[in-house]
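Please take the sequence and the structure together, and follow the aromatic side chains first, then the charges placed over rings, and finally one histidine.

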Amino acid sequence: MRDPVNTTGGRVDIASGEKPAHPAAGRSLSCVIPCFNEGGNLTELLSRLEELLWRTHMAWEIIVVDDGSTDNTVAVAAEWCELSGFRCISLSRNFGKEAAITAGLSAARGDAVVVLDGDLQHSPLLITTMIDHWLGGADVVYAVREERTDESALKRFGTGLFYRMVNDSHRFALPKDAGDFRLMDRKVVDALLSLPERSRFMKGLYAWVGFKAVALPYVPHPRKEGVSSFNALRLFNFAIDGLTSFTTWPLRMVSVVGLLLAVPAFAYGAYLVIDHEINGNDVSGWTTIVVSLMFFIGIQMISTGIVGEYVARIFEEVKGRPLYIVKKELGQGLDAVQP
C-alpha cells in the first residue's frame, strides 16, 4: 500500500518536457464518515473511496467515526486502520449524528473536508466533481436530492413544511433537500468548530456560517444493507431541534394566538355584562363555559410546552457538558505526515 503523502506531487518545469502539476497537487483532503451500525456497508464504501482518492493527486485521509455502534463497525474500521491514511474515532456511546460529525470535523486535518454517510447512499464518485468546484473557488459544495419519489407523501409534505417554517424569517436560508453530504474548505470547517453551542443542528449551522456555496444535484443510491435509524419519531425530534435552534417564531406565535383569543374573550365578557345590566338576563350557557375553559387550558398547555422546548435548550447549554466522549482512536491519517 502506498503512503498518501506520495500522491501530492509537486510543480515541475514545463520546459523540461514533464507534465505540469495537477491543480490539486500539494493539497490535502479529509473524508469524514459518521457511522452507526454500518459494518455491512463499510468495507465496500472504504474500498471504493480509497480507489477514488488515489486518483485525486491529493494527500488524503479517511476518518470513520463510530457513534456507539453495536455491530462490527469498529472491527471493520480497525482492519482498515492498519493501512496508511485511515483513522477510526470510536465514541463511548451513541451521541447522535450531529455529535459524530463534529467529532470527525475536529479530527480532520485536510485543506478540505468531505462528509458522507456510511450507508452507500452517497456515491463517492461525486467527490471528484466537488473537488473540481472547490478548486474553482467554491468554499462549500453540497449535494441536493433531485427528487423524493421514494418517500411517502406525508414525509414529503412534512419536509416541505419544515423548510418553509425554518426559512420564513431569517437572513439565511437552509437549502431544501440538502443533507450532510458536502465538501467544505478548511476555513468553513474552522468556522463550524468555533461555534460553541451543544445542541448542534448541522444543516442550520452549515447555512449560518455562510461562504460561497455551490449546489450539486444527485440521486441517492438505495441503502445496500441494514435499516436506517431515522424513524418517524427521530425525524420529528430532529425537526423540533431545527426549529428551536434557528427560529423564535413559535414563541411569537404563542403571543399572537394569546392576543387573538384574549381580545374576543374580553369583548364577549363586556357584552354579557352590558346585556345583563340592560335586559336583566340571567347568565346561562354552562356547557359553553366548560368547553371554552377546556379549550383555553389546552392552548395554555401547548404554549407552555413551546416555551419549555426553548428552556430545555437553555438547560442543555448551561450545563456545559462535552458534545461527545472519545473512547479510543485508531490509525493516524494525515497526522502521520504533519511536520
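The paragraphs below go through these features one after another, in a model that is predicted.

A pair of aromatic rings is described by the distance of the centres and the angle of the planes. Across the whole structure, a search finds three aromatic pairs. In one of them, Trp54 and Trp60 meet edge-to-face, with 5.1 Å from centre to centre and 85° between the planes, and both Trp54 and Trp60 are buried. Trp60 also pairs with Phe86: the ring centres are 5.7 Å apart and the planes stand at 85°, which is over the 60 degrees required, so this pair too counts as edge-to-face. The pair of Trp60 and Phe86 links distant parts of the chain, since Trp60 belongs to strand β2 (residues 59-66) and Phe86 to strand β3 (residues 86-91), 26 residues apart. Phe86 is buried, as is Trp60, and one aromatic cluster is formed by Trp54, Trp60, Trp80 and Phe86.

Two arginines are placed over aromatic faces. Arg27 lies over the face of Trp134, at 5.1 Å from the ring centre, while Arg93 lies over the face of Phe95, at 3.9 Å from the ring centre.

The histidine is His122, located in the loop that runs between β4 (112-115) and α4 (126-135). His122 has a relative accessibility of 7%, which is under the 20% limit, and therefore counts as buried. The His122 side chain reaches the backbone nitrogen of Asp117 at 3.0 Å. Leaving aside residues up to four places away in sequence, His122 touches Leu116, Asp117, Phe181 and Tyr218.

How values were computed: Residues numbered from 1 in each chain as written. Predicted model: local features only at pLDDT ≥ 70, side-chain atom pairs only at ≥ 80, totals over all residues. Heavy atoms only, no water. Phe/Tyr/Trp six-rings, centres within 6.5 Å; stacked < 30°, edge-to-face > 60°. Buried < 20%, exposed > 50% of the residue type's maximum accessible area, 1.4 Å probe, protein only. Helix = DSSP H or I, 4+ residues; strand = E, 2+ residues; numbered from the N terminus. Lys NZ or Arg CZ within 6 Å of the ring centre and 35° of its normal. Polar contact = N/O pair within 3.5 Å; in protein donor to acceptor, adjacent residues only side chain to side chain. Contact = heavy atoms within 4.5 Å.
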